[in-house]
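Biologist: I'm new to this one, so could you pick a single part and walk me through it slowly? After that, show me a few other spots so I can get my bearings.

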Amino acid sequence: MVFSSLFFLCVFLPVNIILYYAVNNNTYRNVILIVSSLVFYAWGEPVWILVLILSGFFNYFIGTSIEKNRENGKGKGIVSLAIIANLFILGFFKYFGFFVENLNTLTGIDIPIIDIGLPIGISFYTFKSISYIVDVYRGEVKAEKSPFEFLLYVSLFHHLVAGPIVRYKDVEENIKKRAISFNAFNNGVERFIIGLGKKVIIANQANEFSKVFLDMNYSSLPVLGAWAGILLFAIEIYFDFSGYSDMAIGLGKMYGFHYKENFNYPYIAKSATEFWRRWHISLTSFFKDYVYIPLGGNRKFHIRNMLIVWLLTGLWHGASWNFVIWGLYFFVLLVIEKYLLFKIEKKIPKIIWRLYFVVIILVGWVFFYHSSLSDAIQFLGIMFGAGASSFSSSEVEIFLNSYIIFIGIALIGCTPFIKSIFQRIKGHMEKKQIGVYSVDQIVKSIVNTAIFIMSIIMLVGQSYSPFLYFKF
């Protein structure tokens with residue numbers, strides 16, 4: 001099921017909220033959330049719901065076993081075997097075909113490639129489970145005593161299929177006991193609507209517009225068309241994924257959960273290093289805390305540790321060489337920045353830093369978008385003039401003239417500019433009253449209602465459009 005679907009918005013969510021608030025008991029509310037989360041997952045992936053449930057109960061029992069054996073020396077072996085088991089399941093579903101395909105290529109043998117299918121969200125709930133068992137082993141959290149409360153943590157539909165990667169220690173108190181207030185619920189609704197608008201109004205439109213160039217025969221693609229296409233894809237993936245995170249965070253607030261931020265305006269960064277402090281924060285922090293630092297971090301074998309992390313980051317996104325190249329691309333950039341560019345940072349004008357960032361991030365998205373490495377290389381060549389039909393064309397110019405306002409608004413939306421404007425307006429208006437409501441509250445209600453209505457209208461006319469990160 002998709003957050004940005006009419007069924008979810010008009011049926012599933014309202015019914016679920018009514019049932020949730022109809023009872024005033026945390027245990028019953030947890031039962032409602034577990035059942036509704038499993039229905040949510042089974043709606044689109046009924047065949048894989050057993051994998052989710054088995055993963056939940058397996059890691060629950062592993063957690064209790066680790067806590068019992070932490071002091072007698074067996075805990076390390078248990079946690080190691082548990083991590084291997086979790087990664088084996090993830091690898092079987094996500095990388096088996098990729099492994100066999102490359103083995104066939106290297107050896108010349110012909111092992112049949114079985115299309116197993118990929119359970120939606122398996123990367124996310126596997127990483128959540130790994131973070132939990134490692135934290136139990138480290139003594140940072142106590143093992144969950146209730147298998148059903150742990151299943152709630154693993155399966156909660158807010159962040160089940162596309163993250164963020166929520167750690168157990170961040171929501172343990174919310175699972176046990178939740179404080180619910182009208183203000184929190186209202187803030188959650190506002191945040192959810194913002195995410196819905198990002199997805200439906202901007203990301204889905206950017207997807208349609210980018211196809212004009214990215215689906216074109218590259219032999220007739222001009223330079224400007226290539227840049228426009230990958231820029232629109234960059235807009236799409238940001239508003240798609242950050243929109244999903246906003247909706248997940250908003251849903252959490254509506255139900256009494258509090259999730260950490262997953263995006264912090266990544267496109268205002270000036271370097272790849274800064275970008276990854278702002279983009280998909282939960283994934284970056286996962287690899288930092290559970291891979292990079294245990295390997296030695298900055299203390300020893302620093303470059304080796306970075307290489308492993310970025311190789312894994314690329315592979316996490318998909319079983320394809322383009323994702324491996326994408327991860328290694330950022331590894332190279334981060335090494336260059338750390339050992340060269342940051343040492344001469346003050347000598348480089350800010351405008352050069354900004355141009356540098358725009359170029360490197362768009363080049364990176366080329367590898368991310370293309371499933372074929374040869375197509376990615378061809379597209380990159382066109383971006384820089386090699387193999388391009390021309391610099392521009394009448395079709396590109398007509399398109400840009402027609403949709404320049406959309407692109408401009410989307411680019412402004414990638415910055416804190418609109419948020420800062422609303423904060424300034426709020427500062428002036430929140431003291432002014434119209435009846436019992438402040439002008440600020442009234443303006444927010446009007447804006448949110450307009451975004452919601454516009455999103456619903458656009459959804460009626462749009463075809464099914466899942467979030468990009470569903471496939472990861």
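Modeller: Let's start with R191, which is buried, because its relative accessible area is 17% and the cut-off for buried is under 20%. Keep in mind as we go that this is a predicted model. You'll find R191 in helix 8, the stretch covering residues 182–214. Setting aside neighbours within four places in sequence, R191 is in contact with D246, M247, I249, G250 and E261.

Now over to another buried residue, H159, which counts as buried because its relative accessibility is 1%. H159 isn't in a helix; look for it in the loop between helix 6 (147–155) and helix 7 (168–176). Its contacts, again leaving out neighbours within four places in sequence, are K128, Y153, P164, V166, Y244 and Y259.

From there, turn to the largest nonpolar core, which has 139 residues. Helix 9 (residues 223–255) gives the most to this core, with 18 residues. The residues with the most contacts inside the core are F8, Y255, Y267, F275, W279, F330 and W365. Take F8: not counting residues up to four places away in sequence, F8 touches M1, V2, F3, L13, P14, F40, F157, F192 and L251. As general background, nonpolar side chains tend to be buried together in soluble globular proteins.

Next, a pair of helices. The axes of helix 4 (residues 75–107) and helix 5 (residues 122–138) come within 10 Å and cross at roughly 175°. Angles over 145 degrees count as roughly antiparallel, so helix 4 and helix 5 are roughly antiparallel to each other. On the helix 4 side, the residues making the contact include G75, V79, I83, L87, L90 and F93, while helix 5 brings in, among others, I122, T126, I130, I133 and Y137. Sorted by class, this contact has 13 nonpolar, five polar and two charged residues.

Last stop: W321, in helix 13 (residues 321–339). W321 is partly exposed, because its relative accessible area is 47% and partly exposed lies between the 20% and 50% cut-offs. Not counting residues up to four places away in sequence, W321 touches F98 and N102. With N102 there's also a polar contact, side chain to side chain, at 2.7 Å. And if you want one more landmark, F368 is 47 residues from W321 along the chain, with their C-alpha atoms separated by 10.0 Å.

Methods. Residues are numbered from 1 along each chain as its sequence is written. This is a predicted model: local features need pLDDT of at least 70, side-chain atom pairs count only at pLDDT 80 or more; totals for chains, interfaces and linings use all residues. Side-chain values use heavy atoms; hydrogens and water are left out. Helices (H or I, at least four residues) and strands (E, at least two) are DSSP runs, numbered from the N terminus. Buried means under 20% relative accessible area, exposed over 50%, partly exposed in between (1.4 Å probe, protein chains only). Contact means heavy atoms within 4.5 Å. A polar contact is a pair of N or O atoms within 3.5 Å; within protein, one must be able to donate a hydrogen and the other to accept it, and residues adjacent in sequence count only if both atoms are side-chain atoms. Axes are lines fitted to C-alpha atoms, for helices over the stretch in contact, and angles run from 0 to 180 degrees between N-to-C directions. Angles under 35 degrees count as roughly parallel, over 145 as roughly antiparallel, 65 to 115 as roughly perpendicular and the rest as oblique. Ala, Val, Leu, Ile, Met, Phe, Trp, Tyr, Cys and Pro count as nonpolar, Asp, Glu, Lys and Arg as charged, and the others, Gly among them, as polar. A nonpolar core is a set of buried Ala, Val, Leu, Ile, Met, Phe, Trp, Tyr and Cys residues joined through side-chain atoms within 4.5 Å.
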